[in-house]
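Visitor: Hi, I am new to this one and would like to be walked through it. Could you put it up first?

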Amino acid sequence: MKRILIIDDEASITRSVKLNLEALGAYEVYQENDPRTAVHTAREVRPDLILLDVMMPDLDGGEVAAELQKTPGLQHVPIIFLTAIVSNEETQGREASIGGHDFLAKPVDLDVLVNTIESHLED
Amino acid sequence: MDSPSAQPVPQDPPQQRRSAPQRRVAITAACLGLVVVVAVVDYLTGVDLSVSLLYLVPVCWCSWSAGRRAGVLVAAASAEAWLTAVLLDGAPIQHPWVLVCNTLTLGGIFTLVATLMATLQGTQAVLEAKVVTRTAKLGREVAERRWAEAQLRQAHAELQRTQMQLIEAAKMEAVGRLAAGVAHEVKNPLMTLGMGTDYFLQRRASSSDEATLLQDMKDAVHRATGIIDLMLDFSKPRPLRLAPEDLNAIAESALGLLRLQLLKQHIEVRRLLDPALPQLPLDRTRIEHVLVNLFTNAVQAMPEGGTLTVRSAFQQAAGTDDSPAVILEVEDSGPGIPHEHLPKVFEPFYTTKPPGQGTGLGLAIVHRILQIHGGSIALGNRPDGGARATLTFNLHPQPPPP
């Protein structure tokens, strides 16, 4: 079973994503709401994929991603950014990405989220 | 604007200047002739004092018209002529010295008159020249003042334009900040709601009512997301992907997207498209968005059916600063737009549609897209009823405002 770590400062979001993905029966989902302890959690969980919020207090998604990429064993874990301050139109057909990672505009539809996760896990 | 050229001081043409000495010689000769005539008259009338005063006529004329030297010459000739007349008259002379004295006195008086006349004429010429110079200077000053006033008016107009652009930019910045803030604060809860709805939709609903309710909730999340996305796109439009495009083809494609709705509402489409339109640098997707928006507004204005007219044309002087431009007009046969609404239709969040049916961002976005293309849009009513949107695409677009 694939391990997914979702990092978002809003507990309601991590909770609802965890419930949805686990209901599919294919993922083991871990949640983290404090960006400052996110890297520590990731080291413990060893996820196959990370869902990462962009705008968080204290440490934003970009900084967390940079920390993750410096951590041995986590360099090649795919990251999907979730952001609330872009429109859906901006995420479609967009060549650019955040630090080479995909990003999705909140609110994300479950099927879009699952498709994106699957495309990364297949690679 | 160029500085005005100095007004030239009026001058005699070169040809007239060259003939001036000849004119003086001619006048002097005529005056000498007149002196001879006066002398003859003087002799025939027995050298009377009153007739002798006639010599003053050629003296005055010559010194006035031909200058002091010619005047003195004619004065001397007059004294000489008077003396000759007296001698020929043969009247008894008391003493030869009296005759010499009289001749010299008369010559002196004539010379004095000639000098006075020449001086007077010179003074008048100087005065006239001064008047001409002053008039020219005044003309230049008036032209300079008019030029400065025109400059001032132009500067004022530019200042007003810049001010409007600054206000517009400040408004956009405020909307942008608001949009980003609202997006962050609203899209996170929407994510929770959406994910919650998805969770319950995945589990089989216990009744069809429950399933409908969940789908309605899902649609509501989508609608709210759509509004926030419109706000985000309005406040910070993504960069244009410009390519040479045929505006007629984009109009056709936008009409194609609404085909079903046009059929359903029995709306006749009149295409008056100029086949010779030049290609324009456009972002096809965004212009199609503009046209779909305008066509949808037109369709909504004609619920009982009507005519939608799409007209395109190339015009030599319809653009900014009378530059060549392509015009596209969208007309409907609906009730038109109430006059009190016209000044506000492009303002963000201004809508006349019932709650839930319009965001008030459609025309604001249309306006914005035209603006970043360096074009413009005007909305008004046709004289014979219905609304008309006029889109202007400059052939050489100006840089868009910030």
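Visitor: So how many salt bridges does the structure hold over all chains?

Guide: There are 16 salt bridges over all chains, a salt bridge being a side-chain nitrogen of Lys or Arg within 4 Å of a carboxyl oxygen of Asp or Glu. Please keep in mind that this is a predicted model, in which local features need pLDDT of at least 70 and side-chain atom pairs count only at pLDDT 80 or more, while totals for chains, interfaces and linings use all residues. Residues are numbered from 1 along each chain as its sequence is written, chains are lettered from A and ligands numbered from 1 in the order in which they are written, and side-chain values use heavy atoms, with hydrogens and water left out.

Visitor: OK, which residue forms a salt bridge with Glu329(B)?

Guide: That is Arg311(B), with the closest N and O atoms 2.6 Å apart. Glu329(B) lies in strand 5 (residues 325-331) of chain B and Arg311(B) in strand 4 (residues 306-315) of chain B, so the pair ties together parts that are 18 residues apart in sequence. Helices (H or I, at least four residues) and strands (E, at least two) are DSSP runs, numbered from the N terminus.

Visitor: And is Glu329(B) buried or exposed?

Guide: Glu329(B) is buried, at 17% relative accessible area, whereas Arg311(B) is partly exposed at 27%; buried means under 20%, exposed over 50% and partly exposed in between, using a 1.4 Å probe and protein chains only.

Visitor: Which residues are linked with these two in a network?

Guide: The network of salt bridges links Arg311(B), Glu329(B), Glu331(B), Arg382(B), Asp384(B) and Arg388(B). Within this network, Arg382(B) bridges to Glu331(B), the closest N and O atoms being 3.6 Å apart, and Asp384(B) forms a salt bridge with Arg382(B) at 3.7 Å. Arg382(B) is buried at 17% and Glu331(B) is buried at 4%, but Asp384(B) is exposed at 61%.

Visitor: Switching topic, what order do the strands of the open sheet have?

Guide: The five strands of this chain B sheet follow the order 2-4-5-7-6, with mixed pairing, where two strands pair if DSSP finds at least two bridges between them. At the edges are strand 2 (267-272) and strand 6 of chain B, each of which pairs on one side only.

Visitor: How many bridges join strand 6 to strand 7 of chain B?

Guide: Six bridges join these two antiparallel strands, and Leu379(B) stands opposite Ala389(B) in strand 7 of chain B.
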